[in-house]
Structure formats: C-alpha cells, structure tokens
Amino acid sequence: MRDSKIIDVAQKAQVSSATVSRVLNESPLVTEKTRRKVLQAIRELNYTPNAMGKQLRSRKTMTLGVVVTDIRVSYNAEIIKGIENSANRLGYKILICDAQNEKDKELEYLSLLQNRTADGMILVAPQLPDGEITVLADAGYSLGVIGRRLEHADIPCAFTDNREIGRTVVRHLVENGHRMIACLCGYANAPDSRERLEGYREGLAEAGLPYQPQLTGNGDFCEEGGYEAFKRLYAEPSGFTAVFTANDEMALGVYKACAELGLNIPDAMAVVGVDNIRLTHYVEPKISSVEQPLYEMGVRLAERLIDRMNGNVSSGHRLIELKSTLVVKGSSKRRPEDPD
C-alpha cells in the first residue's frame, strides 16, 4: 500500500491541499472546525509529513528570488537595483525571474521556494490574487511584496498610496483647466492599477466631475499598450483634453499616438504618468509624472524580508509605506485658453 500524501488528506477532509498545509504549519487563519477535520483525516490515514522535505527546507541557499511581471518595464530596474544592493550587503545573491506578464509564470517561479532554489521570494507588483500568494506564506515560506499591500501577518510589503496618486494627478489637471480627463490603466486585474483608477474616480468626484467609463482603458503598463489604448479612446467623440496614464511607459505610447494624430502636447493634450523614469526627461516636452521612491522600496523590502527570515523583526514591522511626489514638467502646463 502506498504512503498517504497531502492530497489524500485534503480529499478525505474535503478541503484544499493549501488548507492542509496551513493546519500542518499551525496557521491562525484556519477555523477550529476545519482544523479538527484535517487532523482527523491525518490520523485515519496515518499521514506523516515528509521528513526529507523538512530537512531540505532547513537548508539555506543565501539567495533571494525576485519575480517581476515584465523585465522590459523601466519601473523594475530601480527596484531591482535596490534589492540587489541591499541583499549583497547582507550576504545574499538575487535570482531575477521574468514572468512576461503571465500569472502562470509567476506561480511557476514561486515553486523556487518549495524546491529550495531560493530562501525567500520578492514579488514586484504581482498580478496574482492575494490568496494564491498567502498560501505559501501560510506554509512557512518567506515572501515579500513590492507595489501593493497584503493583509497577512507574515508578508512584508513596500508600497505607496496608489489611490492618492490618482487623486493627486486629477487635482493637478483640474487646477490646470481640464474638465474632460481620460485614464489609461495597467493590467485589468493588477491591484495597483485598480487602486489608481479608484483614485482617479475619487479625484473627479472631489472636483464635482462625473466619472465617464468611456474615458478609461487598459494599456497593460507598456508603451505599445498605451499607444493602442489612447488611439481607441481618441477615436470616440468624447473631447477629452488630458490623460492620466498609470505608468510612464504608457505615457510614452501616448506621445507616439499624439504625434501620429497631430496633437500638440500639452496644448491639445496634457499627459501625466507615474514613476518618473529616466526616459521622461528625454522627450519634449518632458513628461509630468508621480515619482515613487523605487530604489528605496527595493532596499527596504529586501532588508525587512531578510531580517524576518533570520527572526530579527516582529510581525508588527512588516508594512513599509513610502511617499510619492508629483513632479510637474512640460506635458501638463495650464491650457492656453484658461486664464491664470
């Protein structure tokens, strides 16, 4: 007769394998009723957790995995630099994993924790739902997240207030004479993208302006996506005079589209992005952008995760909220027809 496996326990208890892992790791997130069901199944099947697996998990590789959604996006470069500098100083190497905008690849890279290729994993603006990330944390693996906040006691997070970013941009554009403001979001399922859209809507409400869904689109956080999304919106007779793009890569795509359409920036179309990447300084007019402290986010998250991996930081110190700043440049100056 074959030895019982964790999936056998899950089937007998009528729960997921992740729930069995939570029970084995004494997670506080499991209800007492579920815990009793799982323990009963374990007893009946005479299930014993794999001793070799436990031994492997106790060995250190002195490596951190860093999963990014798309290595080509400039946003990631400063974060990775911060992570690498911090990790090297503390004796760790980093392994960069490019998920190529695919959630399945993000999940695949998380297996590096389970096979002990890496001691810990940092997810940079992941697309995965919270639940798929927290399953591994519940099982005792070391994870950190940059770009969003997760409500889990064992996952350190470094982030800025994405809703405030959206509100700040809309306030700026309204103050500069714009009443019809479009918004280009990133991935439809990305938490930071959704939160910036929520901030955009809140900013419109603050200004007494209606939210118009036809003025929003998804550009997938990339230049080509921004270009295509802007052209789709502009093809409709909406009359918007400004656009908030959820990152600078999409803003560059808007610049390309405006050049093709004969739209002068900022006179015919104001543009504001997010991240203040270096490329925003090399186009004319320079792109107004909300600067996030990307390098510092990488440094501090890596420090916090490594500290926690070595038992040096309590769960009360896991959240790192940093400030963002709107840097106004030539792409969003006051509309010529509006007096000061």
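Trainee: At about what angle does helix α11 run to β9?

Mentor: Helix α11 (residues 248-261) lies across β6 (181-185), β8, β9 and β10 (288-291). Helices (H or I, at least four residues) and strands (E, at least two) are DSSP runs numbered from the N terminus, and contact means heavy atoms within 4.5 Å. Axes are lines fitted to C-alpha atoms, for helices over the stretch in contact, with angles from 0 to 180 degrees between N-to-C directions. For α11 against β9, that gives about 155 degrees.

Trainee: What kind of model is this?

Mentor: Residues count from 1 along each chain as its sequence is written, and side-chain values use heavy atoms, leaving out hydrogens and water. Local features need pLDDT of at least 70, side-chain atom pairs count only at pLDDT 80 or more, and totals for chains, interfaces and linings use all residues, since the model is predicted.

Trainee: Back to β9: which residue there is the bridge partner of valine 243?

Mentor: Strand β8 (residues 242-245) runs parallel to β9 (residues 270-274), and 3 bridges join them. Two strands pair if DSSP finds at least two bridges between them. Valine 243's partner in β9 is valine 271.

Trainee: Which strands stand at the edges of the sheet with β7 and β6 in it?

Mentor: This open sheet has 6 strands in the order β7-β6-β8-β9-β10-β12, with mixed pairing. Each edge strand has a single partner, so one side of it is left without a neighbour in the sheet. Those are β7 (216-218) and β12 (325-327).

Trainee: And the sheet with β2 and β1, what stands at its edges?

Mentor: Here 6 strands form an open sheet in the order β2-β1-β3-β4-β5-β11, and the pairing is parallel. A single partner strand is what each edge strand has, so one side stays without a neighbour in the sheet. The edges are β2 (93-98) and β11 (319-321).

Trainee: At about what angle does helix α6 run to β3?

Mentor: Two helices are worth a look here. Helix α5 (residues 75-89) lies across β1 (63-68), β2, β3 (120-124) and β4, at about 155 degrees to β2. Helix α6 (residues 103-114) also lies across β1, β2, β3 and β4, and its angle to β3 is about 160 degrees.

Trainee: How far apart are the axes of α1 and α2?

Mentor: Helix α1 (residues 6-13) packs against helix α2 (residues 17-24) at about 105 degrees. That makes the two roughly perpendicular, a label for 65 to 115 degrees (under 35 is roughly parallel, over 145 roughly antiparallel, the rest oblique). Among the contact residues are Ile6 of α1 and Leu24 of α2. The axes are apart by 8 Å.
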